[in-house]
Amino acid sequence: MARVIMITSGKGGVGKTTVCANLGVALASLGKKVCLIDMDLGLKNLDVMMGLENRVFYDLKDVVDGRCPLSRAMVQDKRCGNLFLLAACRSVNLSRLRLEEVKAVIAQLQDSFDFILLDSPAGIEKGFQYAMACAEEALVVVQLDIAALQDSDRVIGILMREGKKRIRLVMNRVNPKYIEKGISLSVREAADWLGLEVIGLIYEDENLIAGNNRGIPVALKQSSVTSQCYTVIAQRLLGNKAVMPKYRDRTWFSKLFG
């Protein structure tokens, strides 16, 4: 039975879709069968980040409306045989897509996968509400600035109010130099602010932007530090102990949690 995990944030632009795509690659690289579902209904881009946009012929709404079987809507990744994508609806008219229908689709997938990762939109729009209703766990992607933390705190409150017991943080775009200079908060300060476990952090990396633009998740390059960051998160999701890789300069790493 698959674990259904929503990946969300308090506001847009913090990198949750990037986290979803790369974490999917990391889990698949560890031998797990993974399905990514784009829940950003009407504004899909997970397929673009995965480099699969030209292979998407059917989406979630097509399955719900009976235009195709679920198996035909699933797009297999070109590089990871056990990683699949179910694209979001192309139409922005969401009034006819019911929560019960989305739950039924996810229920069909649960026996075939180890993990189902829901790329949820930020905030409290319809895609977020649907993802929250379907997921058992949540990863909240945050950055080390006050505005992002405040918005994340609100979303965490909503998740808790809806009875979600397992909510963990992914600190994204962590720049040790900014922490050292006092430009951004430290990881410890952010974790204390939100009062949740940090399952992992992702260093700021320009290769992530290049990978997103080319449809090549950086986690595919397993020798890179950023790929290792995602592997650590994947290992911790599996209940294994894993140590965060060092930043380029060891002295920066010791100051991250200052």
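**Exercise 1. Helix α11**

Which residues are buried in α11? Determine also what these residues pack against, and check the length of the helix.

*Solution.* The model is a predicted one.

Step 1. The buried residues of α11 are T226, S227, C229, Y230, V232, I233, A234 and L237.

Step 2. Their packing partners include the strands β1 (3-8), β6 (137-142), β7 (166-174) and β8 (198-203). The helices α1 (16-29) and α10 (206-214) are also packed against by the buried residues of α11.

Step 3. Helix α11 covers residues 225-237, which is 13 residues. At 1.5 Å a residue, the helix should span 18 Å, because the expected span is 1.5 Å times one less than the number of residues. The end C-alpha atoms are 19 Å apart, which agrees with that expectation.

Step 4. Just after α11 comes G239, with a positive phi of about 85 degrees.

**Exercise 2. The environment of S9**

Locate S9 and decide whether it is buried or exposed.

*Solution.*

Step 1. The loop between β1 and α1 contains S9.

Step 2. The relative accessible area of S9 is 1%. Buried means under 20%, so S9 is buried.

Step 3. Leaving out residues up to four places away in sequence, S9 touches V14, K16, A122, G123, V140, V141 and V155.

Step 4. Within its own loop region, a polar partner remains to be named. The side chain of S9 reaches the backbone oxygen of K11, at 2.7 Å.

**Exercise 3. The two largest pockets**

Describe the largest pocket and the second largest pocket by volume, lining and residue character.

*Solution.*

Step 1. The volume is about 240 Å³ for the largest pocket and about 200 Å³ for the second largest pocket.

Step 2. Lining the largest pocket are 15 residues, and those nearest its centre are D205, N207, V218, S224 and T226. At least two residues of this lining come from each of α10 and α11.

Step 3. The second largest pocket is lined by G15, T18, M49, N172, R173, E204, D205, E206, L208, I209, N212 and N213. Both β7 and α10 supply at least two residues of its lining, and α10 gives the most, with five residues.

Step 4. The lining of the largest pocket consists of seven nonpolar, four polar and four charged residues. For the second largest pocket, the lining divides into three nonpolar, five polar and four charged residues.

**Exercise 4. L208 in helix α10**

Which residues does L208 touch, not counting residues up to four places away in sequence? State also its burial.

*Solution.*

Step 1. L208 belongs to helix α10 and is among the residues lining the second largest pocket.

Step 2. Its relative accessibility is 9%, so L208 counts as buried.

Step 3. With residues up to four places away in sequence not counted, L208 touches T18, N22, I202, Y203, V218, T226 and Y230. Of these, T226 and Y230 are buried residues of α11.

Step 4. L208 and V48 are 160 residues apart in sequence, while their C-alpha atoms are 14 Å apart in space.

**Exercise 5. N82 in a loop**

Where is N82 found? Identify its contacts and its polar partner.

*Solution.*

Step 1. N82 sits in the loop between β3 (75-76) and β4 (83-86).

Step 2. Apart from neighbours within four places in sequence, N82 is in contact with A28, G31, K32, K33 and V34.

Step 3. A polar atom of the N82 side chain lies 3.1 Å from the backbone oxygen of A28.

Step 4. Between N82 and E100 there is a sequence separation of 18 residues and a C-alpha to C-alpha distance of 27 Å.

Technical notes:
Residues numbered from 1 in each chain as written. Predicted model: local features only at pLDDT ≥ 70, side-chain atom pairs only at ≥ 80, totals over all residues. Heavy atoms only, no water. Helix = DSSP H or I, 4+ residues; strand = E, 2+ residues; numbered from the N terminus. Buried < 20%, exposed > 50% of the residue type's maximum accessible area, 1.4 Å probe, protein only. Contact = heavy atoms within 4.5 Å. Polar contact = N/O pair within 3.5 Å; in protein donor to acceptor, adjacent residues only side chain to side chain. 1 Å grid on protein atoms, 1.4 Å probe; cavity = no way out; pocket = protein on both sides within 12 Å on 5 of 7 lines; lining within 4 Å. Points joined across faces, edges and corners; volume = space filled by probe spheres on them. Nonpolar A, V, L, I, M, F, W, Y, C, P; charged D, E, K, R; others polar.
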